[in-house]
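Work through the following exercises with the sequence and the model side by side. Each task is followed by a solution that goes step by step.

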Amino acid sequence: MSKKKAGYFEDRKGISRRELFRLAGATGAGLAIGGGGVGAAVAARDILGAGTGGIVGAIPFFGRNQAGITTPQQDRLVFAAFDLTTDNVSKVRDLLREWTTAAALMSEGRPVGEESENVYLPPDDTGEALDLSPARLTLTFGFGPTLFEQDGSDRFGLAVQRPATLAGIPSMPGDSLEPERSDGDLCVQACADDPQVAFHAIRNLTRIARGTATMRWSQIGFGRTSSTSRAQETPRNLMGFKDGTNNIKAEYEDLMDQHVWVQTGDEPAWMRDGTYVAARRIRMLIEVWDRSSLNDQEQTIGRHRTSGAPIGGEDEFDPIDLEASGSDGKPLVPTDSHVRLSRENPDEQILRRGYSFTDGMDPKRGQLDAGLFFISFQRDPQKQFVPLQRRLAENDALNEYILHTGSALFAIPPGAREDGYVGETLFESA
Amino acid sequence: MRAALSLATIFVLTLGAAGCGQGPEAEKEDTGTTEETSGSASSGSASASASQAAVPEADIQSTPELEAAVDEYRAYVVGETDQLVEETALFTGAVLAGNVEEAKETYAPARVHWERIEPIAATLGDLDPNIDAREGDVPDDEWRGFHRIEQALWVENTTEDQEEYARQLQADIEQLQAEAQNLELQPADLVTGSIELLNEVSAGKITGEEERYSRTDLFDIQANVEGSEAAFEALRPSLEQSDPELVAEIEERFGAVYETLEPYREGDGWVPYTDVTEEQRRQISQSIDALGEPLSRVGQALEA
């Protein structure tokens, strides 16, 4: 490994001592790979980032689809939504061009902008990631419904391009949504294995946007609650249960095409190879959950806590038998359990990519403000996420322990071409 | 109060770096002496180290434009101290006359002239804590100045026992005016000053902590922005040759800030800051941030 490092070092001129840290970081990533088989090999390449000119730990920014969706899920998240402060569509286009340039650089672990010798100027890059590896940073950009139309106004001449399915998430029973944690004209999802790398990316994109867009809300996630690759272990959420066992895995390309990627023939055409992201800030009533008995907890989720197996099963990946009933004649997996309600309709499969979050303490209640920042990607949110979430909102036993405090839906356009920019298919078709 | 400390730090950093090419280590040592707390003990040492650090000649290629910029801005600062003396006299006169209403009316208009030049004024003599300390910035028995009287006027609705504070304030302001006559500025002071005035708004004023009794924060905010613009205007001829686009962008964003503030005008002044909602405060804050990015690039004018 160390010889390889040295050779790599010499191969790339103009890149500084930061390489050393990159390689050190990649060693850690290599150790983290679990599982086996073909999927693992694919994932390992992605994790080590062999795709981007050989920069270890870098995930290519350009491509057919945006990165950060099928990328084996990184450990950390900073998600941000922005509101545009301009009414000039060419300024929006300029911003997306600048964001694309910066995102491509940061994905390779490079600073944004240029280094200047002038000590009277602030540096272009804010600097806190200079010595860090790319940490598999991905930046995923999206467009909210209000980009296309706001209060009935076609503010940028894009209304005709608006996907019908980008209609927003209708209000659900039990919603406690806060406007300052919801919606937005644009979004950026930054995922990385190093929280500082993810934060640095959002900070610099926010800075670049100043004068054109302002941050509307932001959420930090400290640990992934899903696995998006068979090579990854299923993580646990803050309720202590394994989450995302039945997630669509990136290796199943036919399922990805069926449920995640917008296909040829889907409207509008500019969204082909894109997808839609639903984000929900789901606060857990931690104190209430913590005083529920193990039995209550397992009946609520529909799985055993330690093994992750469905109730009645032994292994995490045992099929969920919705027909099985216990000695009392009642279904083994309760009718109002989270796992049963989530699985009732196979057409509603989604790619989950959520993160645990905490924002410290809620001073009003004196309780922990923590939970799940739910993220899902789907081909048609009105046919997948919305009916699924409605069924959960109406019936889920879990509702006793959670509050939905933020909500947003964004169209994720296809990946940018190397000499193009993210969102080009929308803005050039307008 | 806080301005003195942070500006001092910037002086140390910029002049240190420009003056003798000290490395980052040396800079770190310098800033280490200016404790970043807002107590009175540190404010004295911060001012002292600022003036010491300002001694080395800044290593900037002087041009006729830059010299003119320094002269123009220096005249602006002196002019503001002159008006500050006049307007403060109306305020302290009302306090001495026991006229609460007139004192309240003349308070914010006097402070405008302080706020327009705050980062520079705060380095003149050691007058800043005497003039502008807020409750808790200094030990209670040393607290005096504008905000001491502000509290009596708005909380107690009286001028009683404020006479001595009024006399001291007037004397301090007049001393400030005298110090301004000997003011020596470098081009870098204009660059840091214009940004520092915006930082005043972003870091403190926007939350409403500055004028916590009188709620006249919008007077201060507008004055900070105007002072920032004055420094930028002085530098404009140097910038216009090198980067006319930057000049246009900065102008546009100053305009956007004024436009954001405009709805809160009331008569000759401004609505009480308590009438400005959190969301509106956020809009003001973000318009200042949008201006700060291009404005922070005026340092280009100093590039040889």
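**Exercise 1.** Determine how helix 12 of chain B crosses helix 13 of chain B, and how the two are oriented.

*Solution.* In this predicted model, the crossing in which helix 12 of chain B passes helix 13 of chain B is left-handed. The next step is the angle: helix 12 (residues 244-261) and helix 13 (residues 278-295) of chain B pack at about 165°, and their axes are 9 Å apart. Angles over 145 degrees count as roughly antiparallel, and therefore helix 12 of chain B and helix 13 of chain B are roughly antiparallel to each other. The last step is the contact itself, to which helix 12 of chain B contributes residues including Leu246(B), Ile250(B), Phe254(B) and Val257(B), while helix 13 of chain B contributes, among them, Ile284(B), Ile288(B) and Leu291(B). Sorted by character, the residues of this contact comprise 11 nonpolar, three polar and two charged.

**Exercise 2.** Work out whether helix 4 of chain B and helix 8 of chain B are parallel or oblique to each other, and which residues make their contact.

*Solution.* Begin with the geometry: helix 4 (residues 64-96) and helix 8 (residues 146-156) of chain B pack at an angle of about 45°, with 12 Å between their axes. Helix 4 of chain B and helix 8 of chain B are therefore oblique to each other, and their crossing is left-handed. On the side of helix 4 of chain B the contact is made by Thr88(B), Phe91(B) and Val95(B), and on the side of helix 8 of chain B by Phe146(B), Ile149(B) and Leu153(B). Of the residues in this contact, five are nonpolar, one is polar and none is charged.

**Exercise 3.** Describe the contact between chain A and chain B, and find which three residues of chain A supply 46% of the area that chain A buries there.

*Solution.* Counting residues, chain A brings 12 and chain B brings 18 to the contact. The area buried between the two chains is about 1,400 Å², and carbon and sulfur atoms give 50% of this area. On the side of chain A, the 46% comes from Tyr120(A), Leu121(A) and Arg210(A), which supply more than any other three residues.

**Exercise 4.** Locate Pro268(A) and Arg136(A), and state what marks the backbone at each.

*Solution.* Pro268(A) lies in the loop between helix 7 (253-259) and strand 6 (275-284) of chain A, and the peptide bond leading to Pro268(A) from Glu267(A) is cis, with omega near -10°. Arg136(A) is found in the loop between helix 4 (89-107) and strand 2 (138-143) of chain A; although Arg136(A) is not a glycine, its phi is positive, at about 55°.

Note on methods. Residues are numbered from 1 along each chain as its sequence is written. Chains are lettered from A and ligands numbered from 1 in the order in which they are written. This is a predicted model: local features need pLDDT of at least 70, side-chain atom pairs count only at pLDDT 80 or more; totals for chains, interfaces and linings use all residues. Side-chain values use heavy atoms; hydrogens and water are left out. Axes are lines fitted to C-alpha atoms, for helices over the stretch in contact, and angles run from 0 to 180 degrees between N-to-C directions. Helices (H or I, at least four residues) and strands (E, at least two) are DSSP runs, numbered from the N terminus. Angles under 35 degrees count as roughly parallel, over 145 as roughly antiparallel, 65 to 115 as roughly perpendicular and the rest as oblique. A crossing is left-handed if the near helix is turned anticlockwise from the far one by less than a right angle, and right-handed if clockwise. Contact means heavy atoms within 4.5 Å. Ala, Val, Leu, Ile, Met, Phe, Trp, Tyr, Cys and Pro count as nonpolar, Asp, Glu, Lys and Arg as charged, and the others, Gly among them, as polar. Buried area is the accessible area (1.4 Å probe) that two parts lose on being put together, summed over both.
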